[in-house]
Amino acid sequence: MTAMTTTTAAPAAAAAEPPPVRRRRRLSPGRRLPAARLVGPVLVLTLWTAASAAGTLDTNAVPAPWTVLRTAGRLWADGTLPTDVLTSLERAGYGFAIGLAAGVLLALASGLSRTGEALIDGTVQLNRAIPTLGLIPLFILWLGIGETFKVAIIAIVVYVPVYLNTHAALSGIDSRYVELAEVQGLSRLAFVRQVVIPGALPGFFVGLRLGVTGSWLGLVVLEQINATSGLGYLMFQAQNYGQTDVILVGLLVYGVFGMVSDSVVRLVERRVLSWRRTLGN
């Protein structure tokens, strides 16, 4: 009788116990808020505004935020800023598209073929060791000082990180997946679609983010070389006339473009790689 009572009470006691609480990992960064990346820029803007209002900053060296906003409004109203912005976007877009396509194609050719790796990888590594901006004089001699050489330099700035990270991801694909594909008898096309592309996507997106940032960094230099329009040209002309507020307008526009483009790539990456488990989950 006692044994039966004990046996009956055991399930009841187990049912009464509270469900185990899932402990949060101490090293987990937690879920990232969408607007969290804006905290730093907003803090810098707040400090800049406060220092300008208190008279701490020299307005000749660093104009106040309201002065920069008035200058931006004036440049936009007279049509200067929209024209320069569109020109810069066009140059960056063409160079980025060419560099992206070249980086992906070269990485696939090098990562999927030993012959391709022998022919391509060493050349790209050599190109990586040469400062891209150091190629400007040579490209001017080859392509002239027009738009072509600017687009070509931006393409080189973009394709190198895209290639390196995509190729590294291809080389890092687990050999067990390759053996499984061979056992399953997958065709070459099916192998690329089901194994290679999913395995290379994380590295590809890392290179894509670096390429997007590099395209803007290269553009700000290139647009100061024999250009007649663009944000870099606007800043170069402002330097000649000592217009610090105009230079800050150009830098802020570049910063906004860089942050927005990087955020777009991160959003696409999060959607495409939603299957991947990360620490933030």
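Asp262 counts as buried in this predicted model, because its relative accessibility of 7% falls under the 20% limit. Asp262 nevertheless takes part in a salt bridge, its partner being Arg209, with 3.0 Å between the closest N and O atoms. Since Asp262 belongs to helix H11 (residues 244-272) and Arg209 to helix H9, the pair ties together parts of the chain that are 53 residues apart in sequence. Arg209, for its part, is partly exposed, with a relative accessible area of 27%.

**Overall fold**

- The chain contains eleven helices and zero strands, and its pattern along the sequence reads α-α-α-α-α-α-α-α-α-α-α.
- Of the 281 residues in the chain, 36% are buried, while the accessible surface comes to about 17,600 Å², with 66% of that surface belonging to carbon and sulfur atoms.
- Among contacts in the chain with a separation of 6 or more, 73% are made by residues 24 or more positions apart.

**Salt bridges**

- The count of salt bridges comes to three, and Arg91, Glu147 and Glu223 are linked in a network of such bridges.
- Within this network, the side chains of Arg91 and Glu147 meet at 2.6 Å, taken from N to O; this pair links distant parts of the chain, as Arg91 sits in helix H4 (residues 80-111) and Glu147 in helix H7 (residues 147-171), 56 residues apart.
- Arg91 also forms a salt bridge with Glu223, where the closest N and O atoms are 3.0 Å apart; because Arg91 lies in helix H4 and Glu223 in the loop between helix H9 (188-222) and helix H10 (231-240), this pair ties together parts that are 132 residues apart in sequence.
- The burial of the network's members can be set out residue by residue: Arg91 is buried, with a relative accessible area of 3%, and Glu223 is buried as well, whereas Glu147 is partly exposed, with a relative accessible area of 40%.

**Helix H11: span and buried residues**

- The 29 residues of H11 should span 42 Å at 1.5 Å a residue, and the C-alpha atoms at the ends of the helix are 42 Å apart, so the expected span and the modelled one agree.
- The buried residues of H11 are Asp245, Val246, Leu248, Val249, Gly250, Val253, Tyr254, Phe257, Ser261, Asp262, Val265 and Glu269, and what covers them includes helix H2 (39-54), H3, H4, H9 and H10.
- Gly250 has its place in helix H11 and counts as buried because its relative accessibility of 0% is under the 20% limit.
- The C-alpha atom of Gly250 is separated by 8.9 Å from that of Ala72, although the two residues are 178 residues apart along the chain.

**Thr71 and its contacts with H11**

- Thr71 is found in helix H3 (residues 65-77) and is buried, with a relative accessible area of 4%.
- The side chains of Thr71 and Asp245 are joined by a polar contact of 2.7 Å, and Asp245 is itself among the buried residues of H11.
- When neighbours within four places in sequence are left aside, Thr71 is in contact with Asp245, Val246 and Val249, and Val246 and Val249 are likewise listed among the buried residues of H11.

**Valine patch on the surface**

- Val256, Val260, Val264, Val268 and Val272 form a nonpolar patch on the surface, with about 380 Å² of accessible area together.
- An α-helix has 3.6 residues a turn, so residues three or four places apart point the same way.
- One member of the patch, Val268, lies in helix H11 and is partly exposed, with a relative accessible area of 39%; Val268 can therefore belong to a patch, as its accessible area is over the 30% that membership requires.

**Val206 in helix H9**

- Val206 lies in helix H9 and is partly exposed, with a relative accessible area of 40%.
- Val206 and Arg266 are 60 residues apart in sequence, and their C-alpha atoms are 9.3 Å apart in space.

Definitions and conventions
Residues numbered from 1 in each chain as written. Predicted model: local features only at pLDDT ≥ 70, side-chain atom pairs only at ≥ 80, totals over all residues. Heavy atoms only, no water. Salt bridge = Lys/Arg side-chain N within 4 Å of Asp/Glu carboxyl O. Helix = DSSP H or I, 4+ residues; strand = E, 2+ residues; numbered from the N terminus. Buried < 20%, exposed > 50% of the residue type's maximum accessible area, 1.4 Å probe, protein only. Polar contact = N/O pair within 3.5 Å; in protein donor to acceptor, adjacent residues only side chain to side chain. Contact = heavy atoms within 4.5 Å. Patch = residues over 30% accessible without salt bridge, like charges linked within 9 Å, V, L, I, M, F, W, Y side chains within 5 Å. Areas by Shrake-Rupley, 256 points an atom, 1.4 Å probe, with all protein chains shown as cover. Expected span 1.5 Å × (residues − 1).
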